[in-house]
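Here's a quick briefing to read alongside the model. Have the viewer open and click through the residues as they come up.

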Amino acid sequence: MPLPMRRLASAPSLPAVHPHDAAAPPSARLRRQHGRVAMERTSSTTRRGVSCVMASGKEHASTTTGDEKKGGLRGKLKKVVLAYSGGLDTSVIVPWLRENYGCEVVCFTADVGQGDIEMEGLEKKAKASGASQLVVKNLQEEFVGEYIYPCLRAGAVYERKYLLGTSMARPVIAKAMVDVAKEVGADAVAHGCTGKGNDQVRFELTFYALNPELKVVAPWREWDITGREDAIEYAKKHNVPVPVSKKSIYSRDRNLWHLSHEGDILEDPANEPKEDMYMMSVSPENAPSKPEYLEIGIVGGVPTSINGKDLSPASLLAKLNEIGGKHGIGRIDMVENRLVGMKSRGVYETPGGTIMAAAVRELESLTLDRETMQWKDMLALKYAELVYAGRWFDPLRQSMDAFMETITATTAGSVTLKLYKGSVNVASRKSSYSLYREDISSFENGEIYNQADAEGFIRLYGLPTRVRAMLEKGI
C-alpha cells in the first residue's frame with residue numbers, strides 16, 4: 001500500500017528555490033520555503049497601520065538623536081532589534097538601551113497567536129518608550145506547522161506534563177529577529193528575559209546558531225533593577241505605559257498553543273490557583289453537562305482536519321482551542337526543573353494541544369509496532385529536553401526529527417474523541433495502515449494464530465528464568 005499523502009489546506013504559492021537551498025533535500029527546501037512565506041505575511045495589527053519592515057527590506061525613516069551618536073553609559077551600538085511584547089520588561093528596556101548603549105531601538109513583535117488584545121496599541125507604546133519603529137510579523141502558520149507539529153509528531157512532553165508551549169515559540173521568534181536585524185541593518189539584538197529563566201538560553205542559542213556575529217544584550221543580567229516591582233517604579237519614573245500593577249502580578253506567556261501563568265501566589269506550590277486566573281478555559285465544574293465528540297483526521301502523524309473539514313495548521317489549532325476551552329480541557333499545574341538549575345511552579349492552559357496530543361497518541365496505537373513505539377517514546381524524552389533547553393537548531397534534534405517523520409509516515413487515519421468536563425477520552429480509531437487485526441486478536445480460534453504454539457514460545461522465552469532458578473536451587 002502506498003504511503004499516505006498529507007492533505008494541505010490552500011496556501012499561497014511557494015517562491016522559487018533559493019540558490020542556497022538547491023542542494024538540500026526536497027522536504028528541507030519545502031520547510032524553508034514555507035518559513036519564508038509565513039514570514040512575509042503581515043498581521044491584522046500591521047494592516048491597521050503599525051510601522052513594519054517587510055521581507056523586501058524596505059525600512060521606514062527613523063530619527064537619530066544626539067545621544068545615539070555619542071554612545072551610552074555602557075558602550076556604543078548602532079541599532080538594536082528588541083523582542084517586544086509591550087509588557088513591563090520590554091517597555092522599560094527601550095529607554096534603558098538608548099541610555100546605556102546610545103543606540104536606535106527597533107522593536108520587533110512576533111504574532112504567534114497571542115491575540116488581538118495583546119497586539120493592540122503596540123506601536124503607540126513602543127514609540128512612547130523611545131523606539132524608532134515597530135516591526136510586526138505574522139508567524140502563526142510557521143509556528144504551528146514548522147515547530148509545534150514536529151514536537152507533536154515526536155510526542156515530546158517535558159517532565160511528564162509540559163507540552164512545551166513557550167519552548168517551541170522562542171526559536172521561531174528569535175529566528176525572525178535575526179531576519180529583521182539583517183533587514184534593518186542592526187548590529188545587535190536584545191530580549192527581556194530574566195537571568196533566572198529558560199528563555200534567555202532559548203533566544204540566545206538561536207541567535208548563535210543563525211548569526212553568531214550579532215551582539216546580544218540582556219538587560220536583566222546587567223541593570224540594577226532586581227525585580228518586577230522595581231521595574232514598575234522605573235517605568236513610572238520614565239512615563240512608560242505598562243499593563244500591570246503591584247497588587248496582582250502574574251507573569252504570563254500566551255501563544256496559539258498555550259497560556260502560561262507564573263508568579264504571585266503561584267510561587268508557593270502549596271497555594272491552589274485562583275479560578276479567575278484562567279483565561280483560555282472554563283473550570284471543568286462549569287463545563288457543559290453534555291459531552292462533545294470530535295473526529296480528528298491525521299496524516300503523517302499530525303492533524304489535518306476536524307470532523308472531515310481540512311484546515312491549515314494554525315486554523316485547526318485555533319478551532320480546537322475554542323472547543324477544548326469550552327470543556328475545561330488542558331489545565332496543567334506543575335513544578336518543573338528549569339534548565340538553569342532551580343525548580344519553578346507554573347500553571348499552563350493548553351486546550352487544543354491536549355486534544356491534538358491525545359488524538360495522535362491513540363492513532364499510533366494502531367500504526368506503530370511495539371519496538372518502534374518503545375524507541376519513539378525513549379527518543380521523545382530527549383527530544384523534549386532539547387526543545388526545552390533551546391537547542392532547536394541542534395543537529396541532534398534535526399536528526400531525531402527525520403527519524404520521527406519516517407516512522408510516522410503511516411500514522412494516518414482518524415480518531416474520534418469524547419470531551420467532557422476536563423477529560424479527553426478516545427471513542428474510535430480508524431486507519432488503513434492499522435496493524436490491528438480482528439481475525440488475529442479475537443478470542444475465537446483462527447488460521448493465523450494457533451494457540452497451541454504459545455507453549456513452545458513460553459518455554460523458550462522463559463528459558464533464562466528457568467536456568468537462573470535451577471542454579472539457585474542446585475538443580
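**Turns and positive phi**

N307 sits in the loop that links β9 to β10 (309–310). One thing to keep in mind before going on: this is a predicted model. The notes below begin with the backbone around that loop, then move on to sheets, aromatic rings and whole-chain totals.

- Phi of N307 is near 50 degrees, so to speak on the positive side, in a residue that isn't glycine.
- For context, most residues other than glycine have a negative phi.
- Is N307 buried or exposed? Neither label fits: N307 is partly exposed, at a relative accessible area of 48%.
- K421 is another non-glycine residue with a positive phi, here about 45 degrees.
- You'll find K421 in the loop between β13 and β14 (423–430), and K421 is partly exposed, with a relative accessible area of 26%.

**The β9-β8-β13-β14 run of pairings**

- Start with β8 (residues 292–299), which pairs with β9 (residues 302–306) through four bridges, running antiparallel.
- If you want a register check for that pairing, G297 stands opposite S305 in β9.
- The β8 and β9 hairpin has two residues between the strands, and G300 there takes a positive phi near 60 degrees.
- β8 also pairs with β13 (residues 413–420), antiparallel again, over seven bridges.
- Which residue in β13 is the bridge partner of Y293? That's K418.
- K418 also stands opposite N425 in β14, so K418 is a handy residue to click on when tracing β13.
- β13 and β14 are joined by seven bridges in the antiparallel sense.
- These two strands form a hairpin with two residues between them, and K421, with its positive phi of about 45 degrees, is in the turn.**The four-stranded open sheet**

- The strand order is β6-β7-β12-β11, the sheet is open, and the pairing is antiparallel.
- β6 (251–254) and β11 (331–337) are the edge strands; each has a single partner, so one side of each is left without a neighbour in the sheet.
- From one strand to the next, the twist averages 25 degrees.
- How many bridges link β6 to β7 (residues 259–262)? There are four, with the two strands antiparallel.
- In that pairing, S251 has E262 in β7 as its bridge partner.

**A buried glycine**

- G113 lies in the loop between β2 (104–111) and α5 (116–119).
- G113 is buried, with a relative accessible area of 14%.
- Leaving aside residues up to four places away in sequence, G113 touches Q140, N255 and L256.
- G113 and N255 are 142 residues apart in sequence, yet their C-alpha atoms are 4.6 Å apart in space.

**Aromatic rings**

- The model has nine aromatic pairs.
- One of them is W96 with W223, an edge-to-face pair at 5.7 Å centre to centre and 85 degrees between the planes.
- W96 belongs to helix α4 (residues 88–101) and W223 to the loop between β5 (215–217) and α10 (228–237), so the pair ties together parts that are 127 residues apart in sequence.
- Both W96 and W223 are buried.
- Which residues make up the aromatic cluster around this pair? W96, Y101, W220 and W223 form one cluster.

**Charges over rings**

- R202 lies over the face of Y388, 4.8 Å from the ring centre.
- R397 has its charged end over the ring of W392, at 3.7 Å from the centre.

**Whole-chain totals**

- The chain has 17 helices and 14 strands.
- Of the 475 residues in the chain, 48% are buried.
- Take contacts between residues at least 6 apart in sequence: 74% of these join residues at least 24 apart.
- The chain exposes about 23,900 Å², with carbon and sulfur atoms supplying 52% of it.

Note on methods. Residues are numbered from 1 along each chain as its sequence is written. This is a predicted model: local features need pLDDT of at least 70, side-chain atom pairs count only at pLDDT 80 or more; totals for chains, interfaces and linings use all residues. Side-chain values use heavy atoms; hydrogens and water are left out. Two strands pair if DSSP finds at least two bridges between them. Axes are lines fitted to C-alpha atoms, for helices over the stretch in contact, and angles run from 0 to 180 degrees between N-to-C directions. Rings of Phe, Tyr and Trp (its six-membered ring) pair if their centres lie within 6.5 Å; planes under 30 degrees apart count as stacked, over 60 as edge-to-face and the rest as tilted. Buried means under 20% relative accessible area, exposed over 50%, partly exposed in between (1.4 Å probe, protein chains only). A charge sits over a ring if NZ of Lys or CZ of Arg is within 6 Å of the ring centre and within 35 degrees of the ring normal. Contact means heavy atoms within 4.5 Å. Accessible areas come from the Shrake-Rupley method with a 1.4 Å probe; for residues, only the protein chains shown count as cover.
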